[in-house]
Amino acid sequence: MNKDTIAAICTPPGKGGVGIVRVSGLLALTSLQRVTSISNLHSNSSRLATLRDDQGNVIDQALVMYFQSPKSFTGEDIVEFHCHGSPVVLDQLLQTLVQLNIRLARPGEFSERAFLNGKIDLAQAEAVADLISSSNLNAAQSALRSLQGVFSTKIQTILNALINLRVFVEAALDFPEEEISVLDKNQIQQQSQNIIVQLQDVLKNAQHGKVLNEGLHILILGEPNVGKSSLFNALMQEDRAIVTHHPGTTRDVLTESINIAGFPIRLVDTAGIRESDNEIEQEGIRRATQLIEQADCIFLVLDINTTHDMPVTINIWLKKYPKINKDKLLVIGNKIDLLPEFENQKKSADVPIIYISAQKKIGLDCIENAIHNMFQVVDETSTFTARRRHLDALTKTVRIFEKGYHYYDNYGLLELLAEDLNQAHRALGEITGEFTSDELLGKIFSEFCIGK
Ligand code: GDP
């Protein structure tokens with residue numbers, strides 16, 4: 001249990017009907033007694049009280065609540081002062097509390113304590129922040145499901161399966177290879193395949209959850225002058241990017257948030273990725289290359305008037321930038337208005353191509369449909385929010401586990417499977433906080449708001 005008692009204003013800054021100050025820790029109940037003279041408040045109950053500073057001056061008339069450890073959000077004693085929502089009153093109350101040896105809470109410190117005291121796991125703590133910052137109903141409901149443990153339970157189920165398999169493998173390791181029965185081998189095979197299916201399933205859901213939570217990151221790529229900025233503007237329906245017929249005008253990376261097909265989207269327009277001697281241009285290119293890795297979807301814009309063979313051009317891009325994942329790629333053939341007869345010659349390739357005119361706003365609905373098909377989930381009610389770090393941990397777990405299983409399945413290398421199971425367990429445990437560095441914890445909680 002943490003020695004410091006902490007306090008913070010939990011309600012948003014500014015004036016309001018109610019302003020809440022929350023106190024958590026060993027001195028919480030003492031603070032209640034000192035500020036209100038109430039000495040007999042039961043846990044989970046509230047009372048109207050007059051709050052006074054250490055000189056006896058009245059601060060406010062407020063509703064006070066007490067939650068006794070361990071049955072509180074943080075697991076510690078918690079007292080809440082529900083005052084009138086005046087910044088002056090709340091400030092005065094905080095100052096009084098500070099004089100009682102209570103210190104001001106850091107951002108996210110209440111949630112951090114809830115995590116450290118085992119009240120919630122790390123994914124749930126993150127869901128608290130995601131719920132607060134959710135920008136649409138879908139995202140809010142998904143965050144709530146994560147907070148209620150839907151995501152954590154799925155992870156915990158896989159963790160348990162990994163642990164069971166580990167126990168089995170470790171036990172089998174004590175016997176020479178020839179003594180591992182066929183039954184045992186089948187068992188390992190079956191359990192492993194089961195784990196892989198579960199991991200893939202949760203990864204797919206988490207990918208959707210991440211999109212709901214952080215939005216979809218769409219990157220617009222293409223040679224200069226193909227119409228990237230025009231497409232960006234057409235989608236944005238405003239003139240943020242400078243559209244010009246001189247190659248290489250969009251030197252900076254423009255980012256804008258919009259909604260397409262019901263998804264919150266961060267649309268990123270980059271300088272064309274191409275070699276150049278120009279320093280500013282090269283900086284744009286470097287940043288765009290980095291963005292390829294972070295994007296959920298890449299729009300590769302080609303000018304159909306200057307692109308003679310679409311499939312060949314697409315392959316050149318894919319070869320040149322191996323970081324482009326084909327599954328994330330949407331090729332956009334632009335400027336169809338200049339070639340009216342082109343309608344009959346639309347080419348297909350092994351990646352989807354959408355033909356549009358950014359300038360005349362033709363075919364934009366096809367982009368919307370494509371996004372919808374790429375990222376829709378069948379069952380919206382079972383989604384939960386996830387973050388990029390969860391996806392990274394899941395992807396890492398899948399990679400490690402599949403490698404270990406491959407070596408076992410093909411070469412009978414049980415030791416390698418045991419080692420990879422160990423590593424996969426650690427990677428997956430990062431999601432719930434079972435294995436997480438202090439540095440990462442600090443980073444996660446510092447992004448919370450004060451009072452949460
Ligand atoms: P970027 O360099 O790829 O961002 O290209 P821009 O969006 O700046 O467009 C380059 C030029 O192509 C501008 O003169 C645009 O007006 C023009 N352009 C863009 N889209 C279309 C289109 O669909 N049809 C036609 N005819 N011209 C377009």
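**Notes on the predicted model**

1. Let's start with Ser152, which sits in helix α6. Keep in mind throughout that this is a predicted model. Ser152 has a relative accessible area of 7%, so it counts as buried, given that the cut-off for buried is under 20%. Setting aside neighbours within four places in sequence, Ser152 is in contact with Asp121, Ala123 and Gln124.

2. Now step back along the chain to helix α5, residues 137–147. Which residues of α5 are buried? They are Ala139, Ala140, Ser142, Ala143, Arg145 and Ser146. It helps to know that an α-helix has 3.6 residues a turn, so residues three or four places apart point the same way. Have a look at Gly149 too: just after α5, Gly149 takes a positive phi of about 100°.

3. Next, the core. In soluble globular proteins, nonpolar side chains tend to be buried together. Here the largest nonpolar core has 35 residues, and Leu394 and Leu428 are the ones with the most contacts inside it. Helices α6 (150–173), α7 (182–214), α12 (388–411) and α13 (414–432) each supply at least two residues of this core. The largest share, 9 residues, comes from α6.

4. Leu428 is a good residue to click on. Which residues does Leu428 touch, not counting those up to four places away in sequence? You should find Ile155, Ile158, Leu159, Leu162, Leu199, Leu394 and Thr397. There's also a second, separate core of 28 residues, and among its members are Ala234, Cys297, Ile354 and Ile367.

5. On to Gln193, found in helix α7. Is Gln193 buried, exposed or partly exposed? Its relative accessibility is 44%, so Gln193 counts as partly exposed, a class that runs between the 20% and 50% cut-offs. Gln193 and Tyr405 are 212 residues apart along the chain, yet their C-alpha atoms are separated by 8.9 Å. Their side chains are joined by a polar contact of 3.2 Å.

6. Last, the largest pocket, with a volume of about 720 Å³. It is lined by 20 residues, and those nearest its centre are Gln207, Asp296, Lys328, Phe375 and Leu391. Helices α7, α11 (364–375) and α12 each supply at least two residues of the lining. What is the lining like by class? It's a mix: 7 nonpolar, 5 polar and 8 charged residues. Notice that α7 and α12 each give residues to this lining and also to the largest nonpolar core.

Key. Residues are numbered from 1 along each chain as its sequence is written. This is a predicted model: local features need pLDDT of at least 70, side-chain atom pairs count only at pLDDT 80 or more; totals for chains, interfaces and linings use all residues. Side-chain values use heavy atoms; hydrogens and water are left out. A nonpolar core is a set of buried Ala, Val, Leu, Ile, Met, Phe, Trp, Tyr and Cys residues joined through side-chain atoms within 4.5 Å. Buried means under 20% relative accessible area, exposed over 50%, partly exposed in between (1.4 Å probe, protein chains only). Helices (H or I, at least four residues) and strands (E, at least two) are DSSP runs, numbered from the N terminus. Contact means heavy atoms within 4.5 Å. On a 1 Å grid over the protein atoms alone, a cavity is a set of points where a 1.4 Å probe fits but cannot get out, and a pocket is an open set with protein on both sides within 12 Å along at least five of seven lines; lining residues have an atom within 4 Å of a point. Grid points are joined across faces, edges and corners, and a volume is the space filled by probe spheres set on the points. Ala, Val, Leu, Ile, Met, Phe, Trp, Tyr, Cys and Pro count as nonpolar, Asp, Glu, Lys and Arg as charged, and the others, Gly among them, as polar. A polar contact is a pair of N or O atoms within 3.5 Å; within protein, one must be able to donate a hydrogen and the other to accept it, and residues adjacent in sequence count only if both atoms are side-chain atoms.
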